[in-house]
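Reader: I am new to this structure and would be grateful for a close account of one part of it. Please describe the salt bridges, and then set them beside the other features of the chain.

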Amino acid sequence: MAVMLCLVLLLALSNVAAISANNYLKAENAKLQIALMQEQRLDVIMDRLSFYESSHRTHVWGDLDLKYPVYGRYQYQHRTFIYLCKMAGFKDLSWKNDKHQIKLTRWALEHGYGKYWGNQYKRAVKDANTIMGIPRSSELEYRKQPKRTKTNFSLFTDGRQGIPYPAPLYALKRPFPTH
């Protein structure tokens, strides 16, 4: 009887372990798929950014009438290229080398420096989201947040009633002394 009970417990524990291992594998698979999607999205952003900046041409100059001209596929100013190289810790990159511009741009976009390309970066992200099937924020369904009015002071933004905010001075109905 005790042996039978031990076998049942052992079988139950092995099933739990198998289920846990299966859930772990599913979670790891989901992480890998997300990482792959992020990598593909970054590739699309880089492609679109290259198109918007230089039409995929590698040895092109721009902004020659300005103080700091730009060069290359991603239209780097020399000073911006040097600054980002220092931030990334790259020592032997050349401003006019196309492969080096690609390497530095990938690093910059992965680390949140897309702002250096301004509106072209925003357009590239929008295009990448469209291509990857990611909805725009305006297409997402957000809960409507109630407007804060003079009579609806609440610490909660989802409409629940809570401890009221202190009323602003203009909402107070006290007469001020006049001398």
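Author: The account below begins with the chain, turns to the salt bridges and ends with the surroundings.

The model is a predicted one, in which local features require pLDDT of at least 70 and side-chain atom pairs count only at pLDDT 80 or more, while totals for chains, interfaces and linings use all residues. Residues are numbered from 1 along each chain as its sequence is written, and side-chain values rest on heavy atoms, with hydrogens and water left out.

The chain contains 4 helices and 3 strands (DSSP runs numbered from the N terminus, with H or I over at least four residues for a helix and E over at least two for a strand). Along the sequence, these elements follow the pattern α-β-β-β-α-α-α. Of the 179 residues, 22% are buried; here buried means under 20% relative accessible area, exposed means over 50%, and partly exposed lies in between, with a 1.4 Å probe and protein chains only.

I now come to the part requested. Side chains of opposite charge can pair when their charged atoms come close. The whole structure holds 4 salt bridges, each being a side-chain nitrogen of Lys or Arg within 4 Å of a carboxyl oxygen of Asp or Glu. In one of them, Arg 106 is paired with Glu 39, and the closest N and O atoms are 3.0 Å apart. Because Arg 106 belongs to helix H3 (residues 98-110) and Glu 39 to helix H1 (residues 2-54), this pair ties together parts that are 67 residues apart in sequence. Glu 39 is partly exposed, at a relative accessible area of 36%, and Arg 106 is partly exposed at 22%.

Arg 106 also forms a salt bridge with Asp 43, where 2.3 Å separates the closest N and O atoms. Distant parts of the chain are again linked, since Arg 106 is in helix H3 and Asp 43 is in helix H1, 63 residues apart. Asp 43 has a relative accessible area of 37% and therefore counts as partly exposed.

A further salt bridge brings together the side chains of Arg 48 and Asp 127, at 3.4 Å from N to O. Arg 48 is part of helix H1 and Asp 127 is part of helix H4 (residues 118-132), so this contact ties together parts that are 79 residues apart in sequence. Arg 48 is partly exposed, with 22% relative accessible area, and for Asp 127 the value is 22%, which also places this residue in the partly exposed class. Through shared partners, salt bridges join Glu 39, Asp 43 and Arg 106 into one network.

Helices H1 and H4 can also be followed through another pair of residues. Ala 128, in helix H4, is buried, with a relative accessible area of 0%. The C-alpha atoms of Ala 128 and Leu 49 are 10.0 Å apart, although their positions lie 79 residues apart along the chain.

After helix H1 comes the loop that leads to strand S1 (61-62), and Ser 55 is found there. Ser 55 is not a glycine, yet its phi is positive, at about 55°. With 43% relative accessible area, Ser 55 is partly exposed. Gln 75, in the loop between strand S2 (70-71) and strand S3 (76-77), likewise has a positive phi, near 55°, without being glycine. Gln 75, however, is buried, with a relative accessible area of 13%.

Gln 75 leads to the largest pocket, which has 13 lining residues; those nearest its centre are Val 70, Gln 75, Tyr 76, Gln 77 and Tyr 116. The volume of this pocket is about 220 Å³.

Tyr 116 appears once more at the surface, where Tyr 83, Met 87 and Tyr 116 make a nonpolar patch of about 280 Å². Such a patch consists of residues with over 30% relative accessible area and no salt bridge, with like charges joined within 9 Å and nonpolar side chains (Val, Leu, Ile, Met, Phe, Trp, Tyr) within 5 Å; the areas come from the Shrake-Rupley method with a 1.4 Å probe, and for residues only the protein chains shown count as cover. Tyr 83 is located in helix H2 (residues 78-88) and is partly exposed, at 37% relative accessibility.

Key
1 Å grid on protein atoms, 1.4 Å probe; cavity = no way out; pocket = protein on both sides within 12 Å on 5 of 7 lines; lining within 4 Å. Points joined across faces, edges and corners; volume = space filled by probe spheres on them.
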